[in-house]
Amino acid sequence: MNSNEVIKKTIEMSHLSDGFWSRWLVHGLEKADLDSIRHSCTSLEEWVSNWTKLADSMEKSASFLESTLDFHEAEQMYRKSSLYFNLAQWIFPVPTKEKKNLLIKSQEVFHRADSISPVKTEYLELDVDGHICAGRIRIPEHAKGCVILINPIDSSKEELYLYEKDFVEDGFATVSYDGPGQGSTFAFQGRKATQEQLRLFIDKVIDATAERFPDLALNLIGTSTGGGWAIYGSCNEKVSKAVAVSPAIGFGKMHFSDYFKGKFNLYLADGEGAPDFEGLKFLRPVRVYHGGMDRMVPYDGLMELYNKLPSTSEFFEYSDESHCCNFRLNEIRKISSKWYTI
C-alpha cells in the first residue's frame, strides 16, 4: 500500500469507525470539535485545512489568555493547539514538506506552552545510528522519581502531553524522545525504524536518563509498540519498574488489518516494530495491561511473554477495552504513579 492509498484509507476509516478516534480523544481532542468537522474531511486538503483552522483559533485564544496573565489556561490551550496541528500532520504517512511544516508549527506552539509553564523543561538530543533524536525533559520541584515515556510508532513526543502532565503533577520528572519512525526523527530526517535501531534507541535513552538523574529511580511506560519496548527496557539494570499497555509481542504474532499493515510499513524499514524477546533476561517487574476486546494482540501470545517476566510482575485485563486500553489510560497513569513509589 503506497502513501496515497494509506491516506485515502485513513480518511475512510475516520468516517466509518468511532474507535479510530479513541486515540485522539483521550489525548485531548475535544468531542465537539470532532463532531463539527469529522464528516467534512473527505480529502487530504480538507483534513489539513479543517484541523489547521481549529489549531490556529486555539493558538489565538491561548495568546490572548497569555496577554491577560492567565498562564495556566494559556498553557493548556497552547498544548491543545499543538495537538490539533499534530493531528493535521499525522495524515501524511511519509515525510513531505507539508508534514514537516505542520510538525514544526505544532512544536513551536508546544514550546510556547513550555515557556509560560512553572515546570522546568529541557530539550535534548541523542545520536542514534547517525541520526539525531530530539527529546524533552520536564522536571517538577523535588522530583521523587523519573518516568520515561516510550511512544508508539507513528506518534510524536508532543502528542502525549497528558502523560507528562499527570506524572509531573504526581512529582515525577518525565523524559520523552522521538525515536526512529516517530515525530521529528521521521518527518525531518526521513528516518524509518528498524528493530535494531529501536533497540539502540531505547538503550541510549535509558543510559542518558540515568546519567541526567543519577539519584532518581527510573521507570518506564509505553503503549502498543511502546509497550513492547517498555518490556524490553525492563531488562536493563538501570530501570526500576515498567508498565506496558497492550504491548506489541512481535509483528509475526499479532493480527493487523490491511490498513494497519500498510501504514506501519511506511514507518518501518524492516517490517518489525516490536522487540525480539528471545534470549532476554528480564530483571525488573512489569505491570501489563490488556484490553479484553483487543483484536491486535492475542491473549495467548501475550500470556506466553508475561509468564517469562519476574514473579513480581502483574497482569491486568479490562474486559471492555480494545487495543491500548484508551479509556483507562488516565486511570493506568494514576495507578502507575503509586506503584512506582512502592
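Select Arg287 of strand β7 together with Glu314 of strand β8: these two residues are bridge partners. Helices (H or I, at least four residues) and strands (E, at least two) are DSSP runs, numbered from the N terminus. The model is predicted, so local features need pLDDT of at least 70 and side-chain atom pairs count only at pLDDT 80 or more, whereas totals for chains, interfaces and linings use all residues. Residues are numbered from 1 along each chain as its sequence is written, and side-chain values use heavy atoms, with hydrogens and water left out.

**Strand β7 and its neighbours**

Extend the selection to β8 (residues 314-318), which runs parallel to β7 and is joined to it by five bridges; two strands pair if DSSP finds at least two bridges between them. Next, add strand β6 (residues 239-245), which pairs with β7 in the parallel sense over four bridges. One residue to select here is Val245, whose bridge partner in β7 is Tyr289.

Now display β7 (residues 286-291) alone. Six of its six residues are buried, so the strand is largely enclosed by the rest of the structure. Buried means under 20% relative accessible area, exposed over 50%, and partly exposed in between (1.4 Å probe, protein chains only). Which residues cover the two faces of β7? Val286, Val288 and His290 lie on one side, with Arg287, Tyr289 and Gly291 on the other.

**Strand β4**

Select Thr174, found in strand β4 (residues 172-177). Thr174 is buried, with a relative accessible area of 1%. Leaving aside residues up to four places away in sequence, its contacts (heavy atoms within 4.5 Å) include Arg136, Val147, Glu164 and Phe167.

**Aromatic pairs**

Keep Phe167 in view and add Tyr340. Rings of Phe, Tyr and Trp (its six-membered ring) pair if their centres lie within 6.5 Å; planes under 30 degrees apart count as stacked, over 60 as edge-to-face and the rest as tilted. The structure holds 24 aromatic pairs.

Phe110 and Tyr161 form an edge-to-face pair, 6.4 Å centre to centre with 70 degrees between the planes. This pair links distant parts of the chain, with Phe110 in helix α6 (residues 97-116) and Tyr161 in helix α7 (residues 161-169), 51 residues apart. Phe110 and Tyr161 are buried.

The ring centres of Phe167 and Tyr340 are 6.2 Å apart and the planes lie at 40 degrees, so this pair is tilted. Phe167 belongs to helix α7 and Tyr340 to helix α13, 173 residues apart. Phe167 and Tyr340 are both buried.

Then select Phe20, Trp21, Trp24, Trp47, Trp51, Tyr84 and Trp90, which form one aromatic cluster.

**Helix α13**

Follow Tyr340 back into helix α13 (residues 329-340), whose 12 residues reach 16 Å from first C-alpha to last, close to the 16 Å expected at 1.5 Å a residue. The expected span is 1.5 Å times one less than the number of residues. Which residues of α13 are buried? They are Leu329, Ile332, Arg333, Ser336, Ser337, Trp339 and Tyr340. These cover an arc of only 165 degrees around the axis, which puts them on the same side of α13; the arc is that of the directions from the helix axis to the C-beta atoms.

Select Arg333 with Tyr163: the charged end of Arg333 sits over the ring of Tyr163, 4.5 Å from its centre. A charge sits over a ring if NZ of Lys or CZ of Arg is within 6 Å of the ring centre and within 35 degrees of the ring normal.
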